[in-house]
Amino acid sequence: MEPFTRHTGLVAPLDRSNVDTDAIIPKQFLKSVQRTGFGPYLFDEWRYLDRGEPGMDCTNRPRNPDFVLNQERYQGASVLLARENFGCGSSREHAPWALKDYGFRAIVAPSFADIFYSNCFKNGLLPVVLDGAVVDRLFQAAYATEGYQLTIDLFEQQVHTPDGECFGFEVDPFRKRMLLEGLDEIGVTLEEQSEAIQAYEQRRKQEAPWLFPEP
Amino acid sequence: MTGKTLYEKLWDSHVVTEYDDGSALLYIDRQLLHEVTSPQAFEGLRLAGRQPWRVAANLAVTDHNVPTTDRSQPVEDPVSRVQIETLDRNCAEFRVTEFGIRDPRQGIVHVVGPEQGTTLPGMTLVCGDSHTSTHGALGALAFGVGTSEVEHVLATQTLVQKKARTMLIRIDGQLGHGVTAKDIILAIIGRIGTAGGTGYALEYGGEAIRGLSMEGRMTICNMSIEAGARTGMVAVDDTTIDYIRGRPNAPAGAQWEQAVASWRNLVSDPDAEFDRVGEMHADEIEPQVTWGTSPEMVASVNRHVPDPAEESDAVRARAMTRALEYMGLEPGTALTDIPMDKIFIGSCTNARIEDLREAAAVVRGRRVAENIRQALVVPGSGVVKQQAEAEGLDRVFLEAGFEWREPGCSMCLGMNPDRLEPGERCASTSNRNFEGRQGQGGRTHLASPAMVAAAAIHGHFVDIRE
Ligand code: SF4
């Protein structure tokens, strides 16, 4: 996994609450058996005016000029600014895959849906929760200033604005370590916990044998 | 010492290692797999040269992509076919038990698990699907996970999790005539909002919940995720134990007695403390219909489409305006005056045998209205389908003008050919009314099976209490 330490990038403001995973990556694209290639179809139904199908070449598809990611000033954005309950709906990891594949490294919002939030960490994408009033101000700043950037420092757990303001955010120590070092979580679990898992299974088999049917 | 909640009991009995930051490595007893969220997980195993930790802990089934028409034909959509065949291949390679497309037990993963006795009380159960909360109805800790977590469970039989806060939702009193489990959960979501349960493990209790069948409890737990909660659960009682007895994968003989004795303890202690308690009285709950593009945009059937101008919160008012525009609705329209184009009875929320009986009771001897272009009944599993046919329910639906299909997710999300066309309006027993959920530009109104069946007959929603 690509580690995340400190990132500075152009901000794209997506001013909608309850953005669901069906909107982030519509279901027809979930038929892929790969982890990559979802970027061109990110927010497909909002971004394009025609109906997207998997495998389609998106270069000449008609675009919705009103959608934020189609506006000239937000090209190359890598920080998504969003509203409440971002990523609600299904558990599809295709949503963070699509955001990452498009080029986003961080999402700043007042709140995230639980499963989406945890999926982001597995993919080198950092979800940052800031107070609603702060997010409101960041929206205004992003609209007011062309080329508005934010710096997100995971080690310090801080978001820095271009005017020198700084906001702290929370992140679990375990997730932070995985993301900072770009670790393979499965490898870490197997290396550090295999014996504990086996010991648990031995004990549990005595207590609740019906949970361990033979294959 | 204060007592424990059901959630805390389930959590504590699965902790392998506790970390200092309050998270823990949890043992996962069961994983259910389906074709959409598993291919990249199997691929990850293969690339790292890993094997499943305990292969018998997994059960796979194809559901999201499968066509609901004639199964003797090959799957027409080549992309869907690849995904279905990929699951078959992965299961064969790693020796995971799979109910493939022609297996009579195939169906929606959340219908299949409880039905087969694969889901049991006291378990931790995960699946790469957010409606895994359904299985909590059996007194299990069940939650949806992403594909990386699917791979982690395959490889280690564990997951690093952070303990959730606990919320008890108590529904006292008795439900009125024509009011169902679906109406309870829609009313709860209308009350607490789609983010109201975020960060919480929900437990549903009170007289009205105790009075529900297991299938009704599953409907409620199923939509916990629409209330923002990753998991929802109901304490074990006689209803739970009677439901499990005799199912193919349920324990038998001496193990059955031992299991039941242990399951009896799967209730929140009387002195357990929840972080939050929400209460509603069953009397307050009327048949519900959604009018917008989020499940919290819901009202009693005898109400009108609300007016964004009357909403004081600006972000919310904007969301309402956008929703009404997408839904093609005017404020003030009676919910019973909106003509429907399509009807969908199905999904992991409402495609079990009791749901089909409830819908058939409304439909029996009547005809689908002229303005309805298509009315689908998609049983939740092969087992449900067989049972329904044994009871003659298929005839009831067919004679009324419904189509009677093969099991799968179908028009709940339209990954297979069953979907809405732009602008089409559907009365649906599923769980999500998001933009484009049932097909790009499609408009979804969620309601109970009885309400949706009545909408098919009248061509629009009616108050089924009348
Ligand atoms: S029926 Fe719908 S909600 Fe349930 S698992 Fe299938 S797609 Fe998901």
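I began with B:Leu32 in this predicted model, and I found that B:Leu32 stands opposite B:Leu59 of strand β4 in chain B. The strands β3 (residues 30–33) and β4 (residues 58–61) of chain B pair in the parallel sense, and I noted three bridges between them.

I then followed the sheet outward: five strands of chain B form an open, parallel sheet in the order β5-β4-β3-β6-β7. Because β5 (97–99) and β7 (141–144) of chain B each have a single partner strand, they stand at the edges, and one side of each is left without a neighbour in the sheet. From one strand to the next I read an average twist of 20°.

Next I looked up the helices on this sheet. Helix α4 (residues 109–116) of chain B packs on it, touching β3, β4, β5 and β6 of chain B, and its direction makes about 140° with that of β3(B). Helix α5 (residues 147–156) of chain B lies across β3, β4 and β6 of chain B, and runs at about 130° to β3(B).

I turned to the aromatic rings, for which the structure holds 21 pairs over all chains. The ring centres of A:Tyr102 and A:Phe104 are 5.2 Å apart with the planes at 20°, which is under 30 degrees, so I entered the pair as stacked. A:Phe104 is buried, with a relative accessible area of 0%.

In chain B, the rings of B:Tyr7 and B:Trp11 have centres 6.1 Å apart and planes at 40°, so this pair is tilted. Both B:Tyr7 and B:Trp11 are buried.

Last, I noted that B:Arg247 lies over the face of B:Tyr243, at 3.9 Å from the ring centre.

Methods:
Residues numbered from 1 in each chain as written. Chains lettered and ligands numbered in written order. Predicted model: local features only at pLDDT ≥ 70, side-chain atom pairs only at ≥ 80, totals over all residues. Heavy atoms only, no water. Pairing = 2+ DSSP bridges. Helix = DSSP H or I, 4+ residues; strand = E, 2+ residues; numbered from the N terminus. Axes fitted to C-alpha atoms, helices over the stretch in contact; angles between N-to-C directions. Contact = heavy atoms within 4.5 Å. Phe/Tyr/Trp six-rings, centres within 6.5 Å; stacked < 30°, edge-to-face > 60°. Buried < 20%, exposed > 50% of the residue type's maximum accessible area, 1.4 Å probe, protein only. Lys NZ or Arg CZ within 6 Å of the ring centre and 35° of its normal.
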